[in-house]
2 protein chains.
Amino acid sequence: MKRLESRPYRDSFLPTLKAQVADCIRTIGRRPALRVVIVGEDPASQIYVAHKEKLAAEIGMDSLTVRFPSNVPSSTVRDAVAELNSDPNVDGILIQRPLPKHFREEDVLLWILPAKDVDAFHPETVGRMVLGLEGFTPCTPGGCLKLLDFYGYDVRGKIACVVGRSSIVGKPLAALLLARDATVLHCHSQTNDLASMTRQADFLFVAIGKGEFIRKEHVKPGAVVVDVGVSRNEDGKIVGDVAYEEVSEIAAALTPVPGGIGPMTILGLLENTLTSARRSAENREKK
Amino acid sequence: MKRLESRPYRDSFLPTLKAQVADCIRTIGRRPALRVVIVGEDPASQIYVAHKEKLAAEIGMDSLTVRFPSNVPSSTVRDAVAELNSDPNVDGILIQRPLPKHFREEDVLLWILPAKDVDAFHPETVGRMVLGLEGFTPCTPGGCLKLLDFYGYDVRGKIACVVGRSSIVGKPLAALLLARDATVLHCHSQTNDLASMTRQADFLFVAIGKGEFIRKEHVKPGAVVVDVGVSRNEDGKIVGDVAYEEVSEIAAALTPVPGGIGPMTILGLLENTLTSARRSAENREKK
C-alpha cells in the first residue's frame, strides 16, 4: 500500500512557489501580499495564523496578521476588510474562523472582494468554481487533487465518492471532481447503506470529522483513499476519518493523518495569493 | 405507470401565485416587476419572451421586454441593465439567451445584481444555492423538484442520479438534490458504464439534450424518471432525452416531453420575481 504523504509534494513545491514569487516580484515591483484577519484568542487559530505568516515569509511573500479583540464590533472588522479590499497593494485576504458569536457568517462571507478571496469562501467564488469561471480554487479540496496529481493518479472517467457535504470540503470537492471528468457519488449522514456506495469508488474522499469511521468494509480493494478528517480518538491520538491500519490492508493508496491532506491547505492559500498578485498585474497592463 | 404532467401543477399553482401577487401589491404598493432584456431576432427567443410577458401579465405582474438590435454594442446593454439594477421599482431582471457572438458570457453573467437575478445565472447566486444561503432557486432544476413535491415524491435518503452537467440544469440540480438529503450520483459524457450508475437510481434526472438516449436498460424497475431534455427526432417530432414508450414499461413514474418539465421553468421565474419583490419590501421595513 502506498502512503500518500504530503511532505514530498511540499518539499518539491515550495522551491517552485518561491521562484514564482520572486518572478512575480520582478513583474509587479512588490511582494505578493496576504492579509490575515483574526478576532479573539482561540489558541488553535493563533497557531494556524502564525504558521501561515511564517510560511508566507519563507517564500518571500508579504504577510501580515490584523488582530482584533474578541469583543470588537463586527462593523469595525468589516470596515477594516473594506480598506484591505481597496488597497491595491493587497492581493489576498483571509478571515480566520471561528469568529465570535456576534459575527453573522452569512454577512462575513460577503466582506472580502471575490478578486481577493484567496480562501474561496465568498459565494461568488464558490459559484465561479462550479461554473468553471476564473476565480480561486478552494484550498483543501484543491489540495486533495494536487496531492493525487503529484502521485500520478487521474480521476478522469473514474468513480469518485465523496463522503461529507460541508461548504469547506465536501461540496467544493465534488464540484472539482466533476470538472475533472470523474463520475461523482456524493454521500452524507442521510445516505442509506453507505458501504454500498463507497465500495464502488476508485477514489474515496472522506471529510466528515468522525474519527476512524471508514473501515475496511467501506473500501473497494485497490481504491485510492483520501482522508480529510482530523480529530482525536479516546487516547488523545490525532486520527483521520479513516481507520488507517485496517484500510491500508485493502486500499492501493491512502493519505495519512497527520501528514496527509492537512498541510496542503496552507500551500493552496499561498498559491492563490500568488495567482491573485499575477492577475492584478495583468489587469493593470490591460488598462 | 404514472405520467407526471406539469399541467395539473400549473393549474393549481397559478391561482395561488396570482393571489400572492395581489397580496404583495397591497404590501408594497406596486406590482412586482420583471424586466426581460432581449438582443436580436432569434425566433425561439421571441416566442419564449412573449410567453413570459403574457403569463406575468396574467397573474398581475408588471412585465416589460427591453429590446435591442443584434448589432448593439455590449456596453449599451450593460448600461441598460445597470439602470434596471438601480431602479427600486424593478424586482427581477433576465437576459434572454442566446446572445450575439460579440457578447462575452463570462462578463454578461455578472451584469445583473444577485438581488435581482431571478434567472439564477450569476455566480454569486449559484454559490448561494450551493452554500444554502438566501438567494434564488434556479428555475428548471427547481421546477423538477416542485413537480416531484406536487406528486408526493420525496428524494430524502434516496439515490438520485443526475445525467448531464450543464451550468443551467445538471450542476444546480445536483446541488438542490444534495440539499434535500438525497445521495447524489452525478454522471456525464465521460462516465463509464452509464447504465450501471443510472440503474441504481430511485430518482433519475436526465438533461443531456440527446433525444431518446435513455432506454429501458438504464432504468431501475419502479424508478421515478424526470426528463429535462427537449429535441426533435428524425421525424421532426419533439422528444425528450428518455425513450418514453420503452421506459414507461419499467418506470413507476415519468415526466412527458412536451408537457413535463418544460413549462415549470417559467413558473419558477415568476415565483422568483415575487420572492424578490417581497424581499425588497422587507428590506425597506428594516431600514
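The legends below describe close-up views of a predicted two-chain model.

Residues are numbered from 1 along each chain as its sequence is written, and chains are lettered from A and ligands numbered from 1 in the order in which they are written. Because the model is predicted, local features need pLDDT of at least 70 and side-chain atom pairs count only at pLDDT 80 or more, while totals for chains, interfaces and linings use all residues.

**View 1. The two chains are related by a two-fold axis.**
A turn of 180° and a shift of 0.0 Å along the axis lay chain B on chain A with an RMSD of 0.0 Å. That is the relation of a two-fold axis. The superposition is by least squares on the C-alpha atoms of residues with pLDDT of at least 70 in both copies. The same surface serves both copies: 100% of the contact residues of chain B recur in chain A. Two residues are in contact if their C-beta atoms, placed from the backbone, lie within 7 Å.

**View 2. The side of chain B that touches chain A.**
Here 26 residues of chain B are in contact with 26 residues of chain A. Elements giving two or more residues to this side of chain B are helix H5 (123-131), helix H7 (170-179) and strand E6 (183-187). H5(B) supplies the largest share, eight residues. Helices (H or I, at least four residues) and strands (E, at least two) are DSSP runs, numbered from the N terminus. By type, the residues on this side of chain B are 10 nonpolar, nine polar and seven charged. Ala, Val, Leu, Ile, Met, Phe, Trp, Tyr, Cys and Pro count as nonpolar, Asp, Glu, Lys and Arg as charged, and the others, Gly among them, as polar.

**View 3. E6(A) and E6(B) pair across the chains.**
The pairing is antiparallel, over three bridges. A:His186 stands opposite B:Val184. Two strands pair if DSSP finds at least two bridges between them.

**View 4. Strand E7 (residues 203-206) of chain A is covered on both faces.**
A:Phe203 and A:Phe205 lie on one side, A:Leu204 and A:Val206 on the other, and all are buried. A residue is buried if 20 or more other C-beta atoms lie within 10 Å of its own, exposed if 12 or fewer, and partly exposed in between, with C-beta atoms placed from the backbone. Strand E5 (residues 159-163) runs parallel to E7(A), joined by four bridges. A:Cys161 has A:Leu204 as its bridge partner. E7(A) also pairs with strand E8 (residues 224-227) of chain A, in the parallel sense, over four bridges. There, A:Val206 is partnered by A:Asp227.

**View 5. A:Ala160 in the largest nonpolar core.**
This core has 159 residues. A:Ala160, A:Cys161, A:Phe205, B:Ala160, B:Cys161 and B:Phe205 touch the most other members. A nonpolar core is a set of buried Ala, Val, Leu, Ile, Met, Phe, Trp, Tyr and Cys residues joined through C-beta atoms within 7 Å. Leaving aside neighbours within four places in sequence, the contacts of A:Ala160 include A:Val155, A:Leu177, A:Val184, A:Phe203 and A:Phe205.

**View 6. Helix H6 (residues 139-150) of chain A is mostly covered.**
H6(A) has 12 residues and reaches 16 Å from its first C-alpha to its last, close to the 16 Å expected at 1.5 Å a residue. The expected span is 1.5 Å times one less than the number of residues. Nine of the 12 residues are buried, including A:Cys139, A:Cys144, A:Leu145, A:Leu147 and A:Leu148. Just after the helix, A:Gly152 takes a positive phi of about 85°.

**View 7. Two aspartates of chain A with positive phi.**
A:Asp181 has a phi of about 70° and sits in the loop between helix H7 (170-179) and strand E6 (183-187). A:Asp181 is partly exposed, with 18 other C-beta atoms within 10 Å. A:Asp193 has a phi of about 50° and lies in the loop between E6 and helix H8 (194-198). A:Asp193 is exposed, with 11 such atoms within 10 Å.

**View 8. Cis peptide bonds before A:Pro98 and B:Pro258.**
A:Arg97 and A:Pro98 are joined with omega about 0°. A:Pro98 is in the loop between strand E4 (92-95) and helix H4 (105-108) of chain A. B:Val257 and B:Pro258 are joined with omega about 0°. B:Pro258 is in the loop between strand E11 (253-254) and helix H10 (264-286) of chain B.
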